[in-house]
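Student: I should like to understand how the descriptive terms used for a protein model are justified. May we examine them one at a time?

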Amino acid sequence: MRLPLFQVDAFTSRVFGGNPAAVCPLDAWLPDADMQAIALENNLSETAFFVREANGFRLRWFTPTQEVDLCGHATLAAAWVLFHRWESGLTRVEFATRSGTLGVTQEADGWLAMDFPSRPPTPCPVPAGLVEALGATPRETFASRDLVAVFDSEEQVRALRPDLARLAALDTFAVVPTAPGKRVDFVSRFFAPRAGVPEDPVTGSAHCSLVPYWAKRLGKTSLLAHQVSARGGELRCEEKGPRVRISGQAALYLEGFITW
């Protein structure tokens with residue numbers, strides 16, 4: 001078998017920045033076990049697969065260990081491949097996914113704007129074991145798909161060196177430390193060792209919860225965000241009620257073929 005493969009760095013304008021995602025366009029779905037094996041072999045936080053359907057495209061995402069319901073950077077990467085390698089002249093795509101229809105539009109300045117569901121987090125007690133896992137005490141915590149841990153400063157978020165085994169024992173998909181930014185509205189990091197992702201460089205889906213939280217706290221709907229991982233990434237965000245708009249850039253690193 002021979003399948004096209006692209007690797008795109010998302011939420012960055014340059015190769016070796018942002019979050020790398022693999023993208024595999026398919027003529028028809030492979031068995032789930034094969035897609036999971038490809039994702040494991042790629043060993044990136046997510047591999048995206050898309051197939052053309054009657055009314056557009058269907059998109060699925062796999063970490064090295066499991067299929068997930070929502071992924072931002074791999075959606076951005078898949079849209080970049082469609083716009084620049086797969087569908088000449090296309091500037092908007094709608095993907096059917098496990099999280100509903102997700103639209104991506106290529107804007108005039110080259111940024112890609114994604115229309116995602118809003119997932120406002122709700123206040124919750126600090127879970128047992130979180131402080132020991134992070135090695136620091138958050139100001140407060142909130143729950144959505146992920147556990148959002150709010151700190152007072154960007155420096156605290158940057159300084160975290162969590163115990164990944166302890167994080168994996170917590171009953172949450174991921175832990176997302178966040179704080180006000182010095183040059184942007186807010187910063188964050190993302191740890192999901194239970195899903196096979198020790199630290200994700202830039203996480204679009206986490207901003208489905210971060211954007212409504214920070215929009216309410218700061219009293220503004222347009223926000224600039226920076227995920228302060230080692231690779232780093234920039235996001236332009238907008239709170240739009242039941243939806244959030246998350247925009248980023250992308251850069252192609254690799255294109256080739258999978259053969260087996």
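Tutor: Certainly; please bear in mind that this is a predicted model. Let us begin with strand β2: N19, A21, V23 and P25 point one way from β2, P20, A22, C24 and L26 point the other way, and all are buried.

Student: Why is strand β2 called largely enclosed by the rest of the structure?

Tutor: Eight of the eight residues of strand β2, which spans residues 19-26, are buried, so the strand is largely enclosed by the rest of the structure. The term "buried" requires a relative accessible area under 20%.

Student: How do you know that β2 pairs with strand β1?

Tutor: Strands count as paired if there are at least two bridges between them. Strand β1, residues 2-10, and β2 have five bridges and pair in the antiparallel sense. One of the bridge partnerships joins A10 to N19 of β2.

Student: What makes β3 a partner of β2, and in which sense do the two strands run?

Tutor: Five bridges join β2 to strand β3, residues 47-53, and the two strands run parallel. Here A22 has T47 in β3 as its bridge partner. The chain passes from β2 through helix α1, residues 32-42, to β3, and this β-α-β crossover is right-handed.

Student: Why is helix α6 described as largely enclosed?

Tutor: Nine of the 12 residues of helix α6, residues 207-218, are buried, so the helix is largely enclosed by the rest of the structure. Among the buried residues of α6 are H207, L210, V211 and W214. Just after α6, G219 takes a positive phi of about 70°.

Student: Let us turn to charged side chains. What makes the contact between E87 and R52 a salt bridge?

Tutor: A salt bridge requires a side-chain nitrogen of Lys or Arg within 4 Å of a carboxyl oxygen of Asp or Glu. For E87 and R52 the distance from N to O is 2.5 Å, so the contact meets that requirement. This pair links distant parts of the chain: E87 lies in the loop between α2 and β6, R52 lies in strand β3, and they are 35 residues apart.

Student: Are E87 and R52 buried or exposed, or in between?

Tutor: Partly exposed applies between the limits of 20% and 50%. E87, with a relative accessible area of 23%, is partly exposed, and R52, at 48%, is partly exposed as well.

Student: How do you know that R158 and E154 are separated by about one helical turn?

Tutor: They are four residues apart in helix α4, residues 154-159, and therefore about one helical turn separates them. R158 forms a salt bridge with E154, the closest N and O atoms being 2.8 Å apart. E154 has 6% relative accessibility and so counts as buried, whereas R158, at 39%, is partly exposed.

Student: Why is D185 called buried, and which residue does its side chain meet in a salt bridge?

Tutor: D185 has a relative accessible area of 16%, which is under 20%, so it is buried. Its side chain meets that of K220 in a salt bridge of 2.9 Å, N to O. K220, at 34% relative accessibility, counts as partly exposed.

Student: How many salt bridges does the structure hold, and which residues are linked in a network?

Tutor: The structure holds 23 salt bridges. D32, R60, E67, D69 and R98 are linked in a network of such bridges.

How values were computed: Residues numbered from 1 in each chain as written. Predicted model: local features only at pLDDT ≥ 70, side-chain atom pairs only at ≥ 80, totals over all residues. Heavy atoms only, no water. Buried < 20%, exposed > 50% of the residue type's maximum accessible area, 1.4 Å probe, protein only. Right-handed = clockwise from strand over helix to strand, strands pointing away.
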